[in-house]
Amino acid sequence: MGEMRILSPSGDNRIQWDPKNTDESEVAEMSFDKLKSKGYQAFEVQKDGKKGKLIKKFKSTLGMIVMVPAIAGG
Amino acid sequence: MAYSFSNYEGTTSGSTSSWGNGYSDTGTADCTMTAHQDQVWYAWTTETRTGDTLVITDYKVVQDNVWKLWTKDYGYECEGGRVTYIKGMSTWKVAKKSVEQHRAEKAQKEINLIWSRLLVKEQEEAKRLAEVTAQELLEQLVSEEDFAHYKEHGELLVRGRFKDYVIKKKGGVIRVDKDKIHRIERSVSSLCIHLNNQYKYPRSDNVIALKLAIDADEHKFNKEANASNMYSEVRMQEWRDKVDRLKRVA
């Protein structure tokens, strides 16, 4: 089961999909592309403190993705 | 002859008189002005009146003045046939507020106050829930020890490939060099970097974003951050010790 966590003012929003279900995967991919076009960065993350990895393209086989709005130096 | 809100259509003899702004250039007037809110409303919402007595030439001016009349206690006085309004009179000479009006205003103020308090409470609760949700995600991304320290102290240690970082929940990042190089003490810098519109998001979301950015591309993170050196050696040593301690715990 894939999961996308999108950082938002309410904490985070979730989108889940079953990699075997093409409809669900397509919906998740559309959301991914939309957020990327808004300047979000996508990180593939591992649980328990393992390092995250920046990703450019959506893959339905990825476990967990965190979508982060742009950051900037102060 | 009286200027009165109720007979504004046929009593003034002047050439031009702005209804509701409280003065007339011509004619005689006593100061018996009676105002009723619905008449004020009528004047306020009726544009130009052309007739034998009344022409409103500047609609905006009339609106402003009527609004002042209606909402503040402006009064009028008459001097030599000229009616002028006096700013800040404590009572309206003619149309005093009734006891019921006072009570209604007071009740409305109380309702507004209760309503605004409820809204503030609701917003605070929403913020608290957002922070809880953000912390749940953070908990999944870091080790148990790191999260426990974060919960207690509001600081998250992130071990980069080149340097160590402490992300503070309340904002800001401390960057500490890994090891002594040629007996030169490790440098400590304060970094300013955060989510765009960071105040829209719960604080822990900001921490998650910075942690992921360091993990993914440390060079880019350092390039984007605005770094400043710590001037006090004591403070620098405090941070070095803190990072060493955190690394030992984890």
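A salt bridge here is a side-chain nitrogen of Lys or Arg within 4 Å of a carboxyl oxygen of Asp or Glu. Lys247(B) and Asp164(B) make one, with 2.7 Å from N to O. Lys247(B) sits in helix α7 (residues 233-249) of chain B and Asp164(B) in strand β4 (residues 163-168) of chain B, so the bridge ties together parts 83 residues apart in sequence. Helices (H or I, at least four residues) and strands (E, at least two) are DSSP runs, numbered from the N terminus.

A quick word on the ground rules: this is a predicted model, where local features need pLDDT of at least 70 and side-chain atom pairs count only at pLDDT 80 or more, while totals for chains, interfaces and linings use all residues. Residues are numbered from 1 along each chain as its sequence is written, chains are lettered from A and ligands numbered from 1 in the order in which they are written, and side-chain values use heavy atoms, with hydrogens and water left out.

How about cover? Buried means under 20% relative accessible area, exposed over 50%, and partly exposed in between (1.4 Å probe, protein chains only). Asp164(B) is buried at 0%, whereas its partner Lys247(B) is partly exposed at 28%.

Over all chains, the structure holds 15 salt bridges. Here are some of them:

| Pair | Closest N and O atoms |
|---|---|
| Lys247(B) and Asp164(B) | 2.7 Å |
| Glu233(B) and Arg240(B) | 2.9 Å |
| Glu136(B) and Arg14(A) | 4.0 Å |

In the Glu233(B) pair, Glu233(B) is partly exposed at 44%, but Arg240(B) is buried at 2%. Shared partners also link Glu3(A), Arg5(A), Asp12(A), Arg14(A) and Glu136(B) into one network of salt bridges.

Which buried residue goes without a salt bridge, with Arg5(A) as its nearest side chain of opposite charge? That's Asp205(B), and Arg5(A) is 8.2 Å away (Lys and Arg count as positive, Asp and Glu as negative; His and the chain ends are not counted). Asp205(B) belongs to helix α5 of chain B. Beyond its neighbours within four places in sequence, Asp205(B) has contacts (heavy atoms within 4.5 Å) that include Leu7(A) and Leu195(B).

Asn197(B) is in the loop between β6 (188-195) and α5 (203-216) of chain B. Though not a glycine, Asn197(B) has a positive phi of about 55 degrees, and this residue is exposed at 54%.

Stepping back, chain B has seven helices and seven strands, and 39% of its 250 residues count as buried.
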